[in-house]
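Hi,

Here is the structure I promised to pass on to you. Have a look at it first, and then read on for what turned up in it.

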Amino acid sequence: MTLRAIHRTSAMLITAFACLHIANHLASLAGVPAHIAFMDVARKLYRQPAVELLLLSCVAFQIGSGLWFVMRGWKSREGTVAWLQAVSGALIALFLLIHVVAVIYGRTVLKLDTNFYYAAAGFHVPPNQYFFAPYYFLAVLALFTHLGCAAYWQLETASSKMRTAALALPMLAGATVALLIVLSLAGKLRPVDIPAKYKATYATTTIATLNHLR
Ligand code: HEM
């Protein structure tokens, strides 16, 4: 099996998890309790030690192999789709690196339940929203774009109209889903009340709270 074939297989597992995970975040459109109820069920699957170990191993492998592909083809890459694939792949790799470390840190060091509030807290402690809005938006858009690029290359013998649609439609869907999730985390679709312990993970809030208590 070539490195590219393993990259593809590992991508399938991560994509299956990402579909469940993104559906989980879309559930928050119906309110935070709906998101948490969905997560309670989904965690029964992905928090099984064997499943989590496999998922996190695939994530580590995907980051390494993805960045390797981006660097290896840097000089020979030609055409918009090839560049879109490389840039979206690099963005996913960087996002996953930060994201998974942040989730593990939240669970093990901060001892927090890494649910909706953990992801949303940054949006509610200015100026962190300026980091988190593009961070989550681009991550979801990059994932859909990367999958669209894969569909584009798969349809080698199809008409150019069909191939363009195979890339453009996932990108459009990705931008819509990403926008809905970001608006929901930011509390723009329905009011969100972030518990103080989540907001306190941001140093400035901790200092403000301490000053307030003095
Ligand atoms: C707006 C987008 C996203 C948000 C708000 C978000 C938020 C979260 C949160 C809160 C957790 C902790 C879950 C738990 O404790 O059960 C988590 C875990 C995780 N996320 Fe995301 N995520 C997003 C997008 C993504 C994407 C696009 C991917 C993959 C391409 C991804 C991969 C992961 C992985 C691998 C974990 C660790 C799962 C585990 O073992 O517990 N996330 N994310």
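Let's start with the pockets: the largest one holds about 1000 Å³ of space. Please keep in mind that this is a predicted model. The lining of the largest pocket is made up of 42 residues, and those nearest its centre are His21, Phe95, His99, Val100 and Val103. Helices H1 to H7 each give two or more residues to this lining, with H4 (80-108) providing the largest share, twelve residues. Sorted by class, the lining has 31 nonpolar, seven polar and four charged residues.

The second largest pocket has a volume of about 810 Å³. It is lined by 27 residues, and His7, Arg8, Gln85, His146 and Ala150 are the closest to its centre. Here the elements that give two or more residues are H1, H3, H4 and H6. This lining divides into 14 nonpolar, nine polar and four charged residues.

Now for the salt bridges, of which there are two. In one, arginine 43 pairs with aspartate 113, and their closest N and O atoms are 2.7 Å apart. Arginine 43 sits in helix H2 and aspartate 113 in the loop between H4 and H5, 70 residues apart. Arginine 43 counts as buried because its relative accessibility, 13%, is under 20%, whereas aspartate 113, at 38%, is partly exposed.

The other salt bridge joins glutamate 52 and arginine 107, at 2.9 Å from N to O. Glutamate 52 is in helix H3 and arginine 107 in helix H4, so this pair ties together parts 55 residues apart in sequence. Glutamate 52 is buried at 16% relative accessible area, while arginine 107 is partly exposed at 29%.

Enjoy exploring!

Key
Residues numbered from 1 in each chain as written. Predicted model: local features only at pLDDT ≥ 70, side-chain atom pairs only at ≥ 80, totals over all residues. Heavy atoms only, no water. 1 Å grid on protein atoms, 1.4 Å probe; cavity = no way out; pocket = protein on both sides within 12 Å on 5 of 7 lines; lining within 4 Å. Points joined across faces, edges and corners; volume = space filled by probe spheres on them. Helix = DSSP H or I, 4+ residues; strand = E, 2+ residues; numbered from the N terminus. Nonpolar A, V, L, I, M, F, W, Y, C, P; charged D, E, K, R; others polar. Salt bridge = Lys/Arg side-chain N within 4 Å of Asp/Glu carboxyl O. Buried < 20%, exposed > 50% of the residue type's maximum accessible area, 1.4 Å probe, protein only.
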